[in-house]
Amino acid sequence: LQALTEAMGYLTIIISSPHDDAKEIEADAAIDRLLQNRKLEQTGFPRLYNTAKQMKQHLRLTAMEADSHITDMNNAHKSTIKTRKKNDNLKRILINTASENAKLHNQIAALLSDIESLKKEMKLVVRSVRYYFNNSEYESEEKETIHENDDSTHISTSSSLVTDDGCATIRLEEKKRTRFRWLLP
């Protein structure tokens with residue numbers, strides 16, 4: 001009975017001490033001596049001893065796994081924080097890009113409107129040039145008839161800048177007239 005009580009004291013030391021502690025090693029050696037010197041096999045102590053050692057080993061492995069999982073969890077948390085920061089930066093960039101895109105679309109719309117206005121102006125200029133060339137033959141005939149009839153009278157119908165139809169006229173010299181042949185139909 002005294003050997004069993006002594007062995008239970010050592011077993012308590014083994015269970016309560018950290019792994020590979022000096023007290024655990026001494027208690028383990030003392031239990032091994034008690035098992036060899038005394039007949040504790042009939043008491044069931046060896047099974048209790050083995051079970052306690054296995055439980056302590058499982059507890060140690062569980063603690064190691066828990067530490068590993070905590071480390072993994074901390075790494076995952078850090079990774080999540082980095083990813084969130086990256087997402088926030090990307091959202092800011094996306095918002096800025098969308099804003100710039102909207103501004104560019106507005107500028108493009110304004111430029112397209114300007115182009116349409118310029119096209120209308122070009123059409124007006126082309127019409128005016130065509131009108132001028134079509135009427136210049138008529139005016140030159142008219143000028144000749146006026147000059148033939150009265151040398152003292154000098155009337156020029158080409159002096160006005162706007163025609164009766166409301167089209168702008170352009171005065172061109174006869175040399176420049178050949179430059180605009182491509183405008184004629």
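User: How much surface does the chain expose, and what share comes from carbon and sulfur atoms?
Analyst: In this predicted model, the chain exposes about 15,100 Å². Carbon and sulfur atoms supply 56% of that area.

User: What share of the residues is buried?
Analyst: Buried residues make up 18% of the chain, which has 185 residues.

User: And what is the chain built from, helices or strands?
Analyst: There are three helices and zero strands. Read from the N terminus, the order is α-α-α.

User: Which residues make up the largest nonpolar core?
Analyst: That core has ten residues: Ala7, Leu11, Ile14, Ala27, Ile31, Leu34, Leu35, Phe45, Tyr49 and Ala52. Helices α1 (2–16), α2 (22–37) and α3 each supply at least two of them.

User: Which helix gives the largest share?
Analyst: Helix α2 does, with four residues of the core.

User: Back to the surface. Which residues form a nonpolar patch there?
Analyst: Leu104, Ile108, Leu112 and Ile115 do. Together they have about 370 Å² of accessible area.

User: Take Ile108. Where is it found?
Analyst: Ile108 is in helix α3, which covers residues 45–149.

User: Why does Ile108 count as partly exposed?
Analyst: Because its relative accessibility is 45%, and partly exposed covers the range between 20% and 50%.

User: Changing topic: how many salt bridges does the structure hold?
Analyst: It holds one. The side chains of Lys119 and Glu116 meet in it, with an N to O distance of 3.9 Å.

User: Why can side chains of opposite charge pair?
Analyst: Such side chains can pair when their charged atoms come close. For Lys119 and Glu116, the cut-off is a nitrogen to oxygen distance within 4 Å, and the pair is at 3.9 Å.

User: How far apart are Lys119 and Glu116 in the helix?
Analyst: They are three residues apart in helix α3, about one turn of the helix.

User: Is that pair buried or exposed?
Analyst: Neither word fits: Lys119 is partly exposed at 46% relative accessibility, and Glu116 is partly exposed at 43%.

User: Last topic, confidence. What pLDDT does the chain average?
Analyst: The average is 76, and 69% of the residues score at least 70. The pLDDT is below 50 over residues 151–159, a stretch with twelve contacts in the model beyond near neighbours in sequence. Residues 173–185 are also below 50, and that stretch has eleven such contacts.

User: And across the chain, what share of contacts with a separation of 6 or more joins residues 24 or more positions apart?
Analyst: Such residues account for 55% of those contacts.

Terms used
Residues are numbered from 1 along each chain as its sequence is written. This is a predicted model: local features need pLDDT of at least 70, side-chain atom pairs count only at pLDDT 80 or more; totals for chains, interfaces and linings use all residues. Side-chain values use heavy atoms; hydrogens and water are left out. Patches are made of residues with over 30% relative accessible area and no salt bridge: like charges are joined within 9 Å, nonpolar side chains (Val, Leu, Ile, Met, Phe, Trp, Tyr) within 5 Å. Accessible areas come from the Shrake-Rupley method with a 1.4 Å probe; for residues, only the protein chains shown count as cover. Helices (H or I, at least four residues) and strands (E, at least two) are DSSP runs, numbered from the N terminus. Buried means under 20% relative accessible area, exposed over 50%, partly exposed in between (1.4 Å probe, protein chains only). pLDDT is the predictor's confidence in each residue, from 0 to 100. Contact means heavy atoms within 4.5 Å. A nonpolar core is a set of buried Ala, Val, Leu, Ile, Met, Phe, Trp, Tyr and Cys residues joined through side-chain atoms within 4.5 Å.
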